[in-house]
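Subject: Structure for your review

Dear colleague,

Please find below the structure that I am handing over to you. I would be grateful if you read the notes that follow with the structure open beside them.

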Amino acid sequence: MVKGKRTTQSTKERMGYQKINLILMLLFLSINSFGQESKHDSNKEEMIIRIAEIEIDSASIQEYMAILKEEAKASVRLEPGVISIFPMFEKEHPTKIRILEIYASKAAYESHLKTPHFQKYKTSTFKMVKSLKLIDMEAIDSESMPVIFNKLNH
């Protein structure tokens with residue numbers, strides 16, 4: 001039993017790492033593309049970087065994560081101005097969610113808020129959220145982002 005349990009945990013861990021690697025790779029490719037576009041267009045509006053700190057009711061955590069995962073995938077896949085919606089949770093406190101959000105511009109962010117997938121996420125998770133804090137961030141070296149994120153491909 002113990003041996004089988006270890007194998008199951010190991011398989012689950014590998015699957016989790018594979019999913020994380022896939023998400024990171026997509027994030028990095030998006031940022032790489034953004035970085036190359038911005039080199040050619042110096043008048044381009046500054047990107048928005050934000051970290052969302054969210055605490056979820058423990059009774060709703062599985063449902064919340066499924067809805068968030070769907071919304072994040074749709075946002076990055078369907079919206080050219082969404083560079084990253086990268087959700088994660090604290091290992092010691094799984095109800096504490098953090099999302100790295102990167103938008104190509106303020107207009108991209110405002111457009112994102114109006115999309116059907118974001119509206120579905122907001123309305124279906126509203127009662128699950130105990131607290132929400134949006135922290136606007138500033139990149140220290142945005143020119144290095146494509147290089148840093150591209151390292152996953154090597």
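Two strands are said to pair if DSSP finds at least two bridges between them. Please bear in mind throughout that this is a predicted model.

The strands

With that definition in place, a single pair of residues may serve as an example: isoleucine 54 has isoleucine 97, in strand S3, as its bridge partner. Strand S1, residues 48-56, and strand S3, residues 96-103, are joined by eight bridges and run antiparallel.

Strand S3 also pairs with strand S2, residues 82-89, in the antiparallel sense, here over seven bridges. Within this pairing, proline 87 lies opposite isoleucine 99 of S3, and valine 82 lies opposite tyrosine 103 of S3. Six residues separate S2 from S3, and the two strands form a hairpin.

How are the four strands ordered in the sheet? The order is S2-S3-S1-S4, the pairing is antiparallel, and the sheet is open. The edges are taken by S2 and by strand S4, residues 129-137; each has a single partner strand, so one side of each has no neighbour in the sheet. From one strand to the next, the twist averages 15 degrees.

When you look at the strands, it may help to recall that side chains in a regular strand alternate between the two faces of the sheet.

The helices

Helix H2 packs on the sheet and touches S1, S2, S3 and S4. The direction of H2 makes about 160 degrees with that of S2.

A second contact of H2 deserves attention. Two packed helices are described by the angle between their axes and the distance between the axes. For helix H2, residues 61-78, and helix H4, residues 116-125, the axes come within 9 Å and cross at roughly 165 degrees. Because angles over 145 degrees count as roughly antiparallel, H2 is roughly antiparallel to H4. The crossing of H2 past H4 is left-handed.

Which residues make this contact? From H2 come Tyr64, Ile67, Leu68, Glu70, Glu71, Ala74, Ser75 and Leu78. From H4 come His117, Phe118, Lys120, Tyr121, Ser124 and Thr125. By character, the residues of the contact of H2 with H4 divide into seven nonpolar, four polar and three charged.

Yours sincerely,
A colleague

Definitions and conventions. Residues are numbered from 1 along each chain as its sequence is written. This is a predicted model: local features need pLDDT of at least 70, side-chain atom pairs count only at pLDDT 80 or more; totals for chains, interfaces and linings use all residues. Side-chain values use heavy atoms; hydrogens and water are left out. Axes are lines fitted to C-alpha atoms, for helices over the stretch in contact, and angles run from 0 to 180 degrees between N-to-C directions. Angles under 35 degrees count as roughly parallel, over 145 as roughly antiparallel, 65 to 115 as roughly perpendicular and the rest as oblique. A crossing is left-handed if the near helix is turned anticlockwise from the far one by less than a right angle, and right-handed if clockwise. Contact means heavy atoms within 4.5 Å. Ala, Val, Leu, Ile, Met, Phe, Trp, Tyr, Cys and Pro count as nonpolar, Asp, Glu, Lys and Arg as charged, and the others, Gly among them, as polar.
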